[in-house]
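User: I would like to work through this model step by step, with each term explained when it comes up. Please reason briefly each time and finish on what I asked for.

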Amino acid sequence: MFLTDYGSEILLRTGEHLILVAIAITVATIVGIPLGILITRKPKLAQPILGFANALQTIPSLAIFGFLISVPFLGGIGKVPAIVALTLYALLPLIRNTYIGIKSVDPAIIEAGRGMGMTDRQLLLQVEIPLALGVILAGVRVATVICVGVATIAAAIGGGGLGVFIFRGIATVNNDLILAGAIPAAFIALMADFFLGWLEKMLTRRKIRKGIFNRLPIWGLAVLTLVAIALGLIFERATSQINLGQNTIIIGSKNFTEQVILSEILAQQIEAKTDLKVDRRFNLGGTFICHNAVKAGEIDGYVEYTGTAFTTIIKQKPIAAPQIVYERVKASYEQEFNLTVMPSLGFENTFALVIRHEDAEKLNIKTLSEAAQYTPQWRAGFGYEFLTREDGYPGLAKAYDFQFTQPPQEMELGLIYQALANKKVDIVAGNSTDGLIPVLNLFILEDDKKYFPPYEAVPIFNQNTLTKYPQIKEAIAQLASQITAEEMQQMNYRVDERSMPVKQVVTEFLLTK
């Protein structure tokens, strides 16, 4: 059943993963190996170059992907920044192994070559590189395996690949989806390691004395490097445009179940009511990634929540007035960001402080005010955004006088409910329409002081897109007030608990409308 539903997408994502790795490792190889050779000839450059490559390895991969979003040309979302990040991660083993391999060649052999009248170039191409080839190829193997693993993070910025299943599985607490991404990725890594190991043995046989470097002058390697980088980026941009076409728009989403469902609703509505095609870039990360992407035109639209936009993007203090919040967000987005805020889809998804139902009954608590007295004994698990947002934990703790003995644990949104149900934590911050809340027998504490602002779900679109394709506005307007909170929770439940494909759930919902 699972393979029937997801088989074709697994093949598609595997192909995307292979393309990401192949382009990145090719670019990294033709950059890293010449750099490794260079620092054997220029020892003063060895420490800064190797230090830079080492520093890149210490930066968390997700941080590099996030940083590249704001970098011109090489950044944004999609495959290009993913390839750039993978290339940077692959450089260290290539540079280091090339340097170590060449420096490890017996000095007596080099002296013998010089005694025979060989030039430095001849020594490099005919003696040092052939003797160091095994070490260099070992670096290529390590770099390739690193690329295969790190490429799964590319899904966080719309780069595609098998990480799409992993992020989706985490968001929906679906082990089948996680394995659908993890198993093929592990298989690719094992096969790449096996093939490159076989290639290493073949190329390091004693009968092979000369490599391709024999035929290239050193300056030619530098030119080849620049050309390969340029062609790789141009090719990726060009194929991206070909795949999108002139009548294709990009719909994005944040990285949790409800967001993927809502963005799929937008996508199917546009495809059904217009002549446009939709490229789906889901699970992009948090609010800021999606906001910056739609503002920069990297995506054309996504669904936001008015309270989130009000407090996080336009930096206003929380207020409990839905219409005022909507009007202010709409005006600010149009004036400051060139974005159009569409009418509400009909439901509100507010932050929800959630505990186990058994604890609510045992302690006889229903509200946040009543729960405050137990916070010194409880362990809290919150998502990163909730911990840092103006309308999140800092203000909530003051409003209700929460006094946790231990700092709240930062957790992925897709894991918080399971952690609560398994008694790893005692209180979490989720969303009021999450389908797992009733499934796991959890209890939502009432916000009796009305701390949280309204969180109406509203589509956000780039105004340039709507000017070019005005039919989108009419199509999306038909969704206004069409989704109730109960319907949203039911859709979340069908995806989270029943493991139904998002496209199927959305198609069936739209048919009822």
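User: In which helix do Glu-16 and Arg-13 both lie?

Analyst: Glu-16 and Arg-13 are 3 residues apart, about one turn of the helix, where helices (H or I, at least four residues) and strands (E, at least two) are DSSP runs numbered from the N terminus. This is a predicted model, in which local features need a pLDDT of at least 70 and side-chain atom pairs count only at pLDDT 80 or more, while totals for chains, interfaces and linings use all residues. Residues are numbered from 1 along each chain as its sequence is written, and side-chain values use heavy atoms, with hydrogens and water left out. The helix that holds both Glu-16 and Arg-13 spans residues 2-41 and is α1.

User: Are Glu-16 and Arg-13 buried or exposed, and how far apart are their closest N and O atoms?

Analyst: Both Glu-16 and Arg-13 are buried, a word that stands for under 20% relative accessible area, with exposed meaning over 50% and partly exposed in between (1.4 Å probe, protein chains only). The two residues form a salt bridge, that is, a side-chain nitrogen of Lys or Arg within 4 Å of a carboxyl oxygen of Asp or Glu. Their closest N and O atoms are apart by 3.0 Å.

User: Which residue forms a salt bridge with Lys-330?

Analyst: The partner lies with Lys-330 in helix α13 (residues 322-337), 4 residues apart, about one turn of the helix, and the closest N and O atoms are 3.5 Å apart. Lys-330 counts as partly exposed because its relative accessibility is 25%, and its partner, at 33%, is partly exposed too. The residue that forms this salt bridge with Lys-330 is Glu-334.

User: How many residues apart in sequence are the parts that Asp-426 and Arg-379 tie together?

Analyst: Asp-426 forms a salt bridge with Arg-379, with closest N and O atoms 3.3 Å apart. Asp-426 lies in the loop between α18 (416-421) and β8 (427-431), whereas Arg-379 lies in the loop between α15 (368-371) and β6 (380-382). Asp-426 is buried because its relative accessible area is 10%, while Arg-379, at 35%, counts as partly exposed. The pair therefore ties together parts whose separation in sequence is 47 residues.

User: Which residues are joined into one network by salt bridges that share partners?

Analyst: The structure holds 18 salt bridges. Some of them share partners, and in this way they join into one network Glu-9, Arg-13, Glu-16 and Lys-79.

User: How wide an arc do the buried residues of α2 cover around the axis?

Analyst: Helix α2 (residues 43-58) has 16 residues and reaches 24 Å from its first C-alpha to its last, close to the 22 Å expected, where the expected span is 1.5 Å times one less than the number of residues. Its buried residues are Ala-46, Ile-49, Leu-50, Ala-53 and Leu-56. They are on the same side of α2 because the arc that they cover, taken from the directions from the helix axis to the C-beta atoms, is only 115°.

User: Which residues are exposed on the other side of α2?

Analyst: The buried residues of α2 include Ile-49 and Leu-50, so the question concerns the side that faces away from that set. The exposed residues there are Lys-44, Gln-47, Phe-52 and Thr-58.

User: Which residues have the most contacts inside the largest nonpolar core?

Analyst: A nonpolar core is a set of buried Ala, Val, Leu, Ile, Met, Phe, Trp, Tyr and Cys residues joined through side-chain atoms within 4.5 Å. The largest such core has 66 residues, and a second, separate core of 61 residues includes Val-278, Phe-351, Met-491 and Met-500. Inside the largest core, the residues with the most contacts are Ile-299, Val-329 and Tyr-333.

User: In which strand does Thr-340 lie?

Analyst: Thr-340 counts as buried because its relative accessibility is 8%. Leaving aside neighbours within four places in sequence, Thr-340 is in contact (heavy atoms within 4.5 Å) with Pro-459, Ile-460, Phe-461, Gln-463 and Leu-466. The strand in which Thr-340 lies covers residues 339-341 and is β4.

User: Which element of the protein chain has the lowest mean pLDDT?

Analyst: pLDDT is the predictor's confidence in each residue, from 0 to 100, and the chain has a mean of 86, with 90% of its residues at 70 or more. Strand β10 (residues 457-462) has the highest mean, 98. In contrast, pLDDT stays under 50 over residues 206-222 and over residues 238-243. The element with the lowest mean pLDDT, 49, spans residues 218-244 and is helix α9.
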